[in-house]
Amino acid sequence: MTLRVALATVHYDGPGAVFPRTECLGLGYLAAVLRRHGFQAIIIDAQALELDEASLSRRLLNAGAGVVGISLSHATVDAAYRVFAAVKTRSPDTITLAGGHHATFAADEVLRECPHLDGVVRGEGEMVFLELCRWIQGGSPDYSKIKGVWWKAGNSVIKNPDALPVPNLDELPPPARDTLDALVLDNKEATVALLTSRGCQGACSFCSSAAFHRLGGGRAWRAHSPDRVVRDMLHLARTYRLSPLRPLFVSDDDFIGPPPDGLERADGIASALLSQRDRVWFECDARADAFCRSNRPVLRRLASAGLSSAFVGLESFSAAGLKRLGKGLSPRVNRRAIREMDRLGILRPAVGYIMFHPWVRAGEIMQSARLLARIGQLTAYSLLSQAQAFPGTPLRRRLAAEGLLRAKRHTDVTGYEFRDASVGELVRTLEGLLEPRWRQEVLELDMRSGSCWYRADLLWRALQQAGITTPSLAASRGQVAELRRRANEANLRFLRALLRRGPDEPRIALHQWWGTLYDIQEEAQLALCRLYEAADGALNEPATALDNSGGGSASEQTSSGGPGKPTGSRCRVS
């Protein structure tokens, strides 16, 4: 009988859960490898499908799987424990496994805390999971012979050596797209994502990416070949009707990669895309030092080939802050990256920034806020951002070494003291003001407004590239830009009020801030609708210049509910 394997995530909707819905590609890769070798793999991506614990447990039990694997994050550990308990209570012979970054670097704690968990798959899981399933299929698994698995034997945790990750990523099949297909079929908004590389060349103290991919002797950064990347891009663009208004999200930690191999690969991807009849529009994550003058020819070709926007991790504008965070960059590099992106016409939907880290000085905070506002990136998310000390990161080890770590459990990633006592007091003030419900509401307002700015930028760029500009369009776009400026100013005012710290000023400022952000996001959605209406008036025909699928007016592209678009009323960002 063929072994059935159920692979799952756990849904988290707490503070900070405001990002667009997308599938877990890690589960997709695991399922694809298992299916290639004859196993039955069922994906239950509860995070993307928004399934509660009871629904997830029920689906896992109904799957009749001999193996259940759940990918953990620090925020879903306890919920996953409850799901494991539900599965083991009803099906005690089912083998339960955890995986992912958090499970990898907190494997010992996770195995000791959860009596219903049999093992942890550390590091990249495709080959480890496959070998494990072959042993289980044979009826007598010998865990001691499987690299990459930590498992329980009585009260002890047996720690096998880590497994070498797949050296050539092109040997892996494309990830199974069960979740994305389900979301699209159900007419739910979803981001279409692609992984073209794994790992990162950086050594950021708050990140475990390089350490994760180095396990077992792997390299910090590995990549699919340009041919494989472009083939996958074209398939996704055609299958899910991607366009300038619905770009593909390349979810790599470091798309450009280290020189010279990374830059050569990026140039190969640009060349291959430029040779295609169909254009593939995409967005990516990249390090700031990728946007330098010497890389400009390759970046220009990528922009011509379809790179529309990039999320760049700046993290700090302070030399001391960048050093503490292990960025290996200078403030000058960050400023140059912003200029290069503007010069090349590559949009910035957001930037990565850590306003509060253990060594930040009070004087740096307002300076950071002003600089972010100057480039239109002082969002509520960046204003409230705090360094998270995940297990396996240099940041967590350094905090422990300096006596600053106060976390009593591996799931506590902000349990630390600040060197500057006044910064710690400010963070505690924010925590007191922004209880979880308030924080979530503020971040959701911020995300909805940010989505409006980004969609307006995408539409404006598409119209310009199609040679379509009118005074009405320019005026509508100007309204959106003005609202964005007002949002940045509102965030700056709120920070000023916090720093003044009058007896009642922070709470009054909070209510004013929330009200202003609410009004701005309402106006932003109306302004976005006006921009789409102006575009429809300028086009007077199906917007074939804006949509690779060859049809649909600008307004139709915002109301049909496909991937990357608002659902419900047109232009409404839900």
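Among contacts in the protein chain between residues at least 6 apart in sequence, what percentage join residues at least 24 apart? The share is 76%. The views below come from a predicted model.

**Figure 1. The whole protein chain, with its 21 helices and 14 strands.** The chain holds 574 residues, and a compact globule of that length would have a radius of gyration near 25 Å. The protein chain has 24 Å, which agrees. The C-alpha trace spans about 75 × 60 × 45 Å along its principal axes. Of the 574 residues, 56% are buried. Contacts reach across the sequence: of those between residues at least 6 apart, 76% link residues at least 24 apart.

**Figure 2. The surface and charges of the protein chain.** The accessible surface comes to about 23,600 Å². Carbon and sulfur atoms account for 50% of that area. The chain carries 73 positive side chains and 62 negative ones. The centres of these two sets lie 4 Å apart.

**Figure 3. Strand β1 and its two parallel partners, β2 and β3.** Strand β1 covers residues 4–9. Because 5 of its 6 residues are buried, β1 is largely enclosed by the rest of the structure. One partner is strand β2, residues 40–45. β1 and β2 pair in the parallel sense over 6 bridges. To find this pairing, look at T9: its bridge partner in β2 is D45. The other partner shown is strand β3, residues 67–71. Here the pairing with β1 is also parallel, over 4 bridges. V5 stands opposite V67 in β3. In a regular strand, side chains alternate between the two faces of the sheet.

**Figure 4. The open sheet of 5 strands.** The strand order is β8-β11-β12-β13-β14, and the pairing is parallel. Which strands form the edges? They are β8 (193–194) and β14 (351–353), each pairing on one side only. Within the sheet, β11 and β12 run parallel and are joined by 3 bridges. Strand β12 spans residues 282–287. L248 stands opposite F282 in β12.

**Figure 5. The cis peptide bond from P259 to P260.** Omega is near -5 degrees for this bond. Where does P260 lie? P260 sits in the loop between β11 (248–250) and α11 (261–274). The strand before this loop, β11, belongs to the open sheet of Figure 4.

**Figure 6. E50, a non-glycine residue with positive phi.** Phi of E50 is about 60 degrees. E50 is placed in the loop between α2 (46–49) and α3 (53–62). Is the residue E50 buried or partly exposed? With a relative accessibility of 46%, E50 counts as partly exposed.

**Figure 7. E315, another residue with positive phi that is not a glycine.** Phi of E315 is near 70 degrees. This residue lies in strand β13, residues 307–315. Strand β13 stands between β12 and β14 in the order of the open sheet. E315 has 8% relative accessibility, so it counts as buried. Set the two glutamates side by side: E50 is in a loop and partly exposed, whereas E315 is in a strand and buried.

Key: Residues are numbered from 1 along each chain as its sequence is written. This is a predicted model: local features need pLDDT of at least 70, side-chain atom pairs count only at pLDDT 80 or more; totals for chains, interfaces and linings use all residues. Side-chain values use heavy atoms; hydrogens and water are left out. The radius of gyration is taken over C-alpha atoms; the globule rule is 2.2 Å times the number of residues to the power 0.38. Buried means under 20% relative accessible area, exposed over 50%, partly exposed in between (1.4 Å probe, protein chains only). Contact means heavy atoms within 4.5 Å. Accessible areas come from the Shrake-Rupley method with a 1.4 Å probe; for residues, only the protein chains shown count as cover. Lys and Arg count as positive and Asp and Glu as negative; His and the chain ends are not counted. The place of a charge is taken as NZ of Lys, CZ of Arg, CG of Asp or CD of Glu. Two strands pair if DSSP finds at least two bridges between them.
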